[in-house]
Amino acid sequence: YSSAVQKFSQTLQSFQFDFIGDTLTDDEINIAESFKEFAELLQEVELERSMMVQNASDLLIKPLESFRKEQIGFTKERKKKFEKDGEKFYSMLDRHLHLSSKKKESQLQEADLQVDKERHNFFESSLEYVYQIQEVQESKKFSIVEPVLAFLHSLFTYNNLTVELTQDFLPYKQQLQLSLQNTRNHFSSTREELEDLKKRMKEAPLTCKLPGQPTIEGYLYTQEKWALGISWVKYYCQYEKEAKTLRMTPMDQKPGAKQGTLDLTLKSCVRRKTDSIDKRFCFDIETNERSGTITLQALSEANRRLWMEAMDGKEPIYHSPITKQEEMELNEVGFKFVRKCINAVETKGLTTEGVYRTVGSNIQVQKLLNAFFDPKCPGDVDLQSGDWDIKTITSSLKFYLRNLSEPVMTYKLHKELVQAAKSENLDYRLGAIHALVYKLPDKNREMLELLIQHLVNICEHSRENLMSPSNMGVIFGPTLMRAQEDTVAAMMNIKFQNIVVEILIEHFGKIYSGPPEDTTAPPVPPPRVAARRHKPITISKRPLRERPVFFGASVEESGADRHGQTPNGSSSAGVEVPRPLLRSRLPAPRPGGDDPGRVLAEGRPDPRPEAEVGKLVARLQDGAVKPGSKAANGVVVVASPALRPSATLQAKRPAPRPGIYGREGEYDGVPKPRSHGDKPVITRPPVRPPDPPCRAPVPPRLEQRPDLIAGTAEEMPSSV
């Protein structure tokens, strides 16, 4: 399992996202870098897991096997010797009892000496065997439990790390989820526009414009009115979109006719309603050179779509009276309609969940627009009445803004606004958009201020209506900004239109407090050689958490404790011992502090600090006391195999990552990598502390070797 996770982590580390377009949003950058963050987390977890597995061998299995071989095996050898010596003694004793008393005195004395010698050997073997049994039974109490305790410490340290990583991961997860949601919202709004564009492209044959050639050319029939009636004349037409020039060459010229090629400048193009003329595939154009409309007939429905697309043709609006050019502008009626909609929404819809996101009935929307824009009594509609619900009002407002002949933020400034949103410099974004807002025409800037102020009021109630500035940007980005040409590239910039509106909402106070000092946009940053890269959100610089420290005493503390020792080896002042698995910062040792977790049966705190235990363990490791050696008071001191540190574990443990633990003064509880030749460091919790002063004293031999104690303290690292 661990191997599979590590391979998965390597895959995440090497995975690269491909993005369409030349610039990424901040949210997309966070998403692109997320797999590397995931890989680092998985690697850290698996590193600790591998150390835990290594500890299972070094701290649990090997010590127990060593105890079985060295202690129990030695006891079995003593048993064999005891049985052999006993058999030898009793067999000799039987022979000795059968000796005749008539033998010489010298022979009998020699036989008695041999029996006494064998009896002495037998007594010595039996004593050593019984003593060895007692020693194994007594040392088993700590030599077997201690390795299990050390392994449990390793296991819980690993589990504690996963808990800490989870806590560190939560804020990153929330930020990444917000980036994912924003990106999903941008995708949804862009997909709707792309599907509409794809549908139009499927219905019309694809054409390719060659450099220097007209945008579109082909045959069209023109309706011409004569005194005797109406006739349809065939023309070969060539249209250049950039200059909006239409060149019409008649194909049915009669001899002597003076009619020649017509060069016209296009003003507008609208598809002709089917029920308004008896011909199919017709559309109307207006030109500067001719008054009135010119009706043209294409060769097919697909051909008409191509001509209308090239001429930026509009569809006739059946249900709404907003059809005349002057009514599609930001006029007085339009401002009145927007103000009434805003007042209605802020009066009874500020806390409505999903306001502006929920779409109203299309029939009701058209009914409201027809009533409000009625030429006979425009604006004579009471939106505060119960006849119109919030969804209908908000959908009508969006419909009006999207069907203006030119968007509120104008075609002219569209490219500059998008480029400002693409900037990686957040200050430049705000400054450029601030300056561009004051380049809008007065009516457009007034309408934009009216709308953005309303959206700010909506977002102030986001707890109730769940509409944040980002959500509002997704809704009003395509409504207030539109590219003049519908292309896939323009559709991919919708997410940056959304960012422009989001910035206007978030910085409304600053932008509309007045024009910038210089009304021109800030200088454009120099072009980037490499792809733009924001600094993504990350957890590699997360706040550090202290791990459990079992040997909390440093060299200085050990020296101070050494000066304050009592004759029995305990400290005159108690030291608070940190407990394992604490997630908060451990309290600093305080003079006279008692560990509430270590209290003797009499109710008094254990006076022996952890530092003394650590020094005792280190001395045992250094070989100061050999297995089976006796102290002056006759107590046998046995060095447990479990006390031997794992040099393999320490050598394989990598140095801390610079991004997490490498800074000076941080995370002092982590073992520092030792150089070659240094003595290994204790990597597990200490054995049970010696008894308090009221019980057994420390063996005198340990007290008689101050050089070992001092050497051990100097060789111990500052923190273990």
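**Group meeting: a walk through one chain**

Okay, let's start with one residue: Arg 247 is partly exposed, because its relative accessibility is 39%. Keep in mind that this is a predicted model.

What does the side chain of Arg 247 do? It meets the side chain of Asp 263 in a salt bridge, 3.0 Å from N to O. That pair ties together distant parts of the chain, with Arg 247 in strand β3 (residues 245-250) and Asp 263 in strand β4 (residues 262-271), 16 residues apart.

Let's zoom out for a second. The chain has 720 residues, and 42% of them count as buried. Its secondary structure adds up to 21 helices and 8 strands. And if you search the whole structure for salt bridges, you get 17.

Here's another one: Glu 138 and Lys 141 join their side chains at 3.1 Å, N to O, in a salt bridge. These two sit 3 residues apart in helix α3 (residues 105-143), so about one helical turn separates them. Why does that spacing suit a helix? An α-helix has 3.6 residues a turn, so residues three or four places apart point the same way. As for cover, Glu 138 is partly exposed, with a relative accessible area of 37%, whereas Lys 141 is exposed, at 56%.

You can find that spacing again in helix α11, where Asp 442 and Arg 445 are 3 residues apart, about one turn. Their side chains also form a salt bridge, 3.3 Å from N to O. Asp 442 counts as exposed, because its relative accessibility is 59%. There's a network to look at too: Glu 301, Arg 304 and Arg 305 are joined by salt bridges that share partners.

Now for the inside. Is Leu 220 buried or exposed? Buried, because its relative accessibility is 0%. You'll find Leu 220 in strand β1 (residues 216-226). Its contacts further along the sequence include Val 233, Tyr 235, Phe 283 and Trp 307. Gln 297 is 77 residues away from Leu 220 in sequence, yet their C-alpha atoms are 5.7 Å apart in space.

A whole helix can be tucked in as well. In helix α13 (residues 469-480), 11 of the 12 residues are buried, so the rest of the structure largely encloses it. Among those buried residues are Met 472, Ile 475 and Phe 476. What do they pack against? Helices α4, α8, α11 and α15.

Last stop, back on the surface: Arg 68, Lys 69, Lys 76, Lys 79 and Lys 80 form a positive patch. One of them, Lys 79, belongs to helix α2 (residues 26-97).

Terms used: Residues numbered from 1 in each chain as written. Predicted model: local features only at pLDDT ≥ 70, side-chain atom pairs only at ≥ 80, totals over all residues. Heavy atoms only, no water. Patch = residues over 30% accessible without salt bridge, like charges linked within 9 Å, V, L, I, M, F, W, Y side chains within 5 Å. Areas by Shrake-Rupley, 256 points an atom, 1.4 Å probe, with all protein chains shown as cover. Salt bridge = Lys/Arg side-chain N within 4 Å of Asp/Glu carboxyl O. Lys, Arg positive; Asp, Glu negative; His and termini not counted. Charge placed at Lys NZ, Arg CZ, Asp CG, Glu CD. Helix = DSSP H or I, 4+ residues; strand = E, 2+ residues; numbered from the N terminus. Buried < 20%, exposed > 50% of the residue type's maximum accessible area, 1.4 Å probe, protein only. Contact = heavy atoms within 4.5 Å.
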